[in-house]
Amino acid sequence: MWQAPPAPVSREWLPVLDMPGPGRQNRWTVLLRALLLIPQFVVVWVLSVVAFFVTVIGWFGALALGRLPGFAADYLTAFVPYDTRVTSYLMLMHDRYPPFRFQTPEYPVRVELRPGELNRLAVLFRIFLVIPAAIVQGLVYAGWWTASLVLWLVVLVLGRMPQPLFEATAAIVRYRMRTTAYLVMLTSAYPKRLFGEEAGSEPDGPVSATRPLVLSGGGRGLLVVFIILGVVSWATSSITTSVNSDDKDDNTVNPTERVIGPLVPGPAARAPQSPLGQL
């Protein structure tokens, strides 16, 4: 009896985030988390500027070679984990301060990247292809930060991150890392699986708390909340910007009105107010 040939096995490999589960945290470091990270913010900014130029050069190289040049792959595979370590610490996932170096085999947060062959057409249009993933990443990331004060208080009071919050935050950090890795051409796999994997999806068994990343109902629910908050935050920001722009247009008067206004009798409110009068 004829049988259909087995379906080909997908060789797509997504960048992996490994970290331990939520543990106890020092409340003092939670309280001062943003201040403690000021030196890291400066370092990440400098590294990101370099990463931008390396990515631009690497883009031309990838178009010609079908893969990133060696120097670009080496730098970017060091930069993306560094940025991810700082982000995970900032988002209260653990209590280990990220070291100021690229090679950190002892650090609990690890990122596995496998630069390889790239589709030249996908490289050519990479900046456009990444837009949908960047929008999703931006919304869920903005939603987390919209609720960050409440989340910070929860971790500060409990001295640890609750499991559902850890799952949702890990999903955001991992998706952000995968989006960055795709944008800088460290992977040909499009960012996906924001809501995690199914239990037992790792063939050799669980490797870490986030590999595979299996979200509970609470974790998935929080992700939905963060997406909604991100949409609301974006809409509110757009409306505020539009209103402020309209106000500036309304406050713009022609030069004749500026000269005649103070001479017109009546309440002072009728005369246009100078910028200095608003100080």
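## Notebook: loops, rings and packed helices

I began with Met-185, which is placed in the loop between α9 and α10, where helices (H or I, at least four residues) and strands (E, at least two) are DSSP runs numbered from the N terminus. I noted before going on that this is a predicted model, in which local features need pLDDT of at least 70 and side-chain atom pairs count only at pLDDT 80 or more, while totals for chains, interfaces and linings use all residues. Residues are numbered from 1 along each chain as its sequence is written, and side-chain values use heavy atoms, with hydrogens and water left out.

**Entry 1: the loop between α9 and α10**

I looked up the backbone of Met-185 and found a phi near 70°, a positive value in a residue other than glycine. Met-185 has a relative accessible area of 2%, so I wrote it down as buried (buried means under 20% relative accessible area, exposed over 50%, and partly exposed in between, with a 1.4 Å probe and protein chains only). Arg-193 is found in the loop between α9 and α10, and its phi is near 65°, a positive value in a residue other than glycine. With 44% relative accessibility, Arg-193 counts as partly exposed. Pro-212 also belongs to the loop between α9 and α10 (217-250), and I saw that a cis peptide bond joins Arg-211 and Pro-212, with omega at about 0°.

**Entry 2: the chain as a whole**

I then stepped back to the full chain, which has 11 helices and 2 strands. Reading along the sequence, I copied down the pattern β-α-α-α-α-β-α-α-α-α-α-α-α. Of the 279 residues in the chain, 39% are buried. I also looked up contacts (heavy atoms within 4.5 Å): among those between residues at least 6 apart in sequence, 75% join residues at least 24 apart.

**Entry 3: aromatic rings**

A pair of aromatic rings is described by the distance of the centres and the angle of the planes. The rule I used is that rings of Phe, Tyr and Trp (its six-membered ring) pair if their centres lie within 6.5 Å, with planes under 30 degrees apart counted as stacked, over 60 as edge-to-face and the rest as tilted. By this rule I noted 10 aromatic pairs. One of them joins Tyr-141 and Trp-145, whose ring centres are 6.4 Å apart and whose planes stand at 75°, so the pair is edge-to-face. Tyr-141 and Trp-145 are separated by about one helical turn, because they are 4 residues apart in helix α7 (residues 131-146). Trp-145 counts as partly exposed, at 32% relative accessibility.

I next looked at Tyr-182 and Tyr-190, where the ring centres are 5.0 Å apart and the planes are at 70°, so this pair is edge-to-face. Tyr-182 is buried, with a relative accessible area of 4%, whereas Tyr-190 is partly exposed, with a relative accessible area of 26%. I also wrote down a cluster in which ring pairs link Tyr-75, Phe-79, Tyr-82 and Phe-102.

For charges over rings, I used the rule that NZ of Lys or CZ of Arg is within 6 Å of the ring centre and within 35 degrees of the ring normal. The charged end of Arg-126 sits over the ring of Tyr-182, 4.0 Å from its centre. The charged end of Arg-33 sits over the ring of Tyr-89, 4.0 Å from its centre.

**Entry 4: α7 against α9**

Two packed helices are described by the angle between their axes and the distance between the axes. I found that α7 and helix α9 (residues 163-183) pack at an angle of about 145°, with their axes 10 Å apart; axes are lines fitted to C-alpha atoms, for helices over the stretch in contact, and angles run from 0 to 180 degrees between N-to-C directions. Residues of α7 including Val-136, Gln-137, Val-140 and Tyr-141 meet residues of α9, among them Ile-172, Tyr-175 and Arg-176.

I looked more carefully at Arg-176, which is found in helix α9 and counts as buried at 19% relative accessibility. Not counting residues up to four places away in sequence, Arg-176 touches Asp-83, Thr-87, Gln-137 and Tyr-141.

**Entry 5: Gln-40**

My last residue was Gln-40, which lies in helix α3 (residues 38-65) and is buried, with a relative accessible area of 0%. Leaving aside neighbours within four places in sequence, I found Gln-40 in contact with Tyr-82, Val-86, Tyr-97, Pro-98, Pro-99 and Phe-100.
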